[in-house]
Amino acid sequence: MDFRYELEILAEPEEVFAALTNPFQIELWSGYPADMKAEQGYVFSLWEGDIAGVNLEVVPDRLLVQEWFFGEQEEQSVVRIALKKQKAGTQVSLQHTHIPGEVYEEIVEGWKEYYLGSLKSMLEMY
């Protein structure tokens with residue numbers, strides 16, 4: 001199953017990208033230590049391993065493409081986060097493909113509430 005989501009964050013694309021890829025900032029908004037680097041091929045782990053995958057494409061301040069691992073799965077579950085500068089901040093466009101049906105609702109809620117929701121809250125506090 002696929003999921004698309006867009007939101008605007010009142011922060012510059014550089015700040016949003018850093019919050020997505022800097023382990024210290026990820027820990028600030030997620031509440032958990034993160035193993036992440038903004039480099040292609042880097043195998044990452046978030047939320048104490050609940051989310052793990054590999055960075056497929058990294059374009060600083062513009063694009064982050066990742067494969068998320070869900071165990072034995074025929075098709076890659078690919079996350080694409082595109083950042084576009086707006087007058088008041090950054091348009092974040094998320095596309096997550098091939099989410100296993102049994103975790104779809106949980107993943108969608110996670111994106112809205114805990115991942116992008118928490119990131120937005122942290123960036124808009126300052």
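This is a short tour of a predicted model, going from strand to strand and then to the surface.

**Stop 1: strand 6 and its neighbours**

Select residues 90-96, which make up strand 6. Five of the seven residues in strand 6 are buried, so the strand is mostly covered; buried here means under 20% relative accessible area.

Now add residues 3-9, strand 1, which pairs with strand 6 in the antiparallel sense over seven bridges. To see one of the contacts, pick E6 in strand 1 and S93 in strand 6, which are bridge partners.

Next add residues 77-85. This is strand 5, and it runs antiparallel to strand 6, joined to that strand by seven bridges. Which residue of strand 6 is the bridge partner of A82? The partner is S93, the residue that also partners E6. Between strand 5 and strand 6 there are four residues, and the two strands form a hairpin.

While the strands are on screen, look at the side chains: in a regular strand they alternate between the two faces of the sheet.

**Stop 2: strands 2, 3 and 4**

Select residues 43-46 for strand 2, which is joined to strand 3 by four bridges, the two running antiparallel. F44 has G53 of strand 3 as its bridge partner. Strand 2 and strand 3 form a hairpin with four residues between them. In the turn, click on W47, whose phi is positive at about 50 degrees.

Move on to residues 51-59 and 63-68, strand 3 and strand 4. Six bridges join these antiparallel strands, and V54 is partnered with E67 of strand 4. Their hairpin has three residues between the strands.

**Stop 3: two residues with positive phi**

Stay in the loop between strand 3 and strand 4 and select D61. D61 is not a glycine, yet its phi is positive, about 70 degrees. Is D61 buried, partly exposed or exposed? D61 counts as partly exposed because its relative accessibility is 26%, which lies between the 20% and 50% cut-offs.

Then go to H98, in the loop between strand 6 and helix 3. H98 also has a positive phi, near 55 degrees, and is a residue other than glycine. With a relative accessible area of 28%, H98 is partly exposed.

**Stop 4: a charged patch**

Finally, show the surface and select E48, D50, E105, E106, E109 and E113, which gather there in a patch of negative charge. One of them, E105, lies in helix 3, residues 104-125. E105 is exposed, with a relative accessible area of 60%.

How values were computed
Residues numbered from 1 in each chain as written. Predicted model: local features only at pLDDT ≥ 70, side-chain atom pairs only at ≥ 80, totals over all residues. Heavy atoms only, no water. Buried < 20%, exposed > 50% of the residue type's maximum accessible area, 1.4 Å probe, protein only. Pairing = 2+ DSSP bridges. Patch = residues over 30% accessible without salt bridge, like charges linked within 9 Å, V, L, I, M, F, W, Y side chains within 5 Å. Areas by Shrake-Rupley, 256 points an atom, 1.4 Å probe, with all protein chains shown as cover. Salt bridge = Lys/Arg side-chain N within 4 Å of Asp/Glu carboxyl O. Lys, Arg positive; Asp, Glu negative; His and termini not counted. Charge placed at Lys NZ, Arg CZ, Asp CG, Glu CD.
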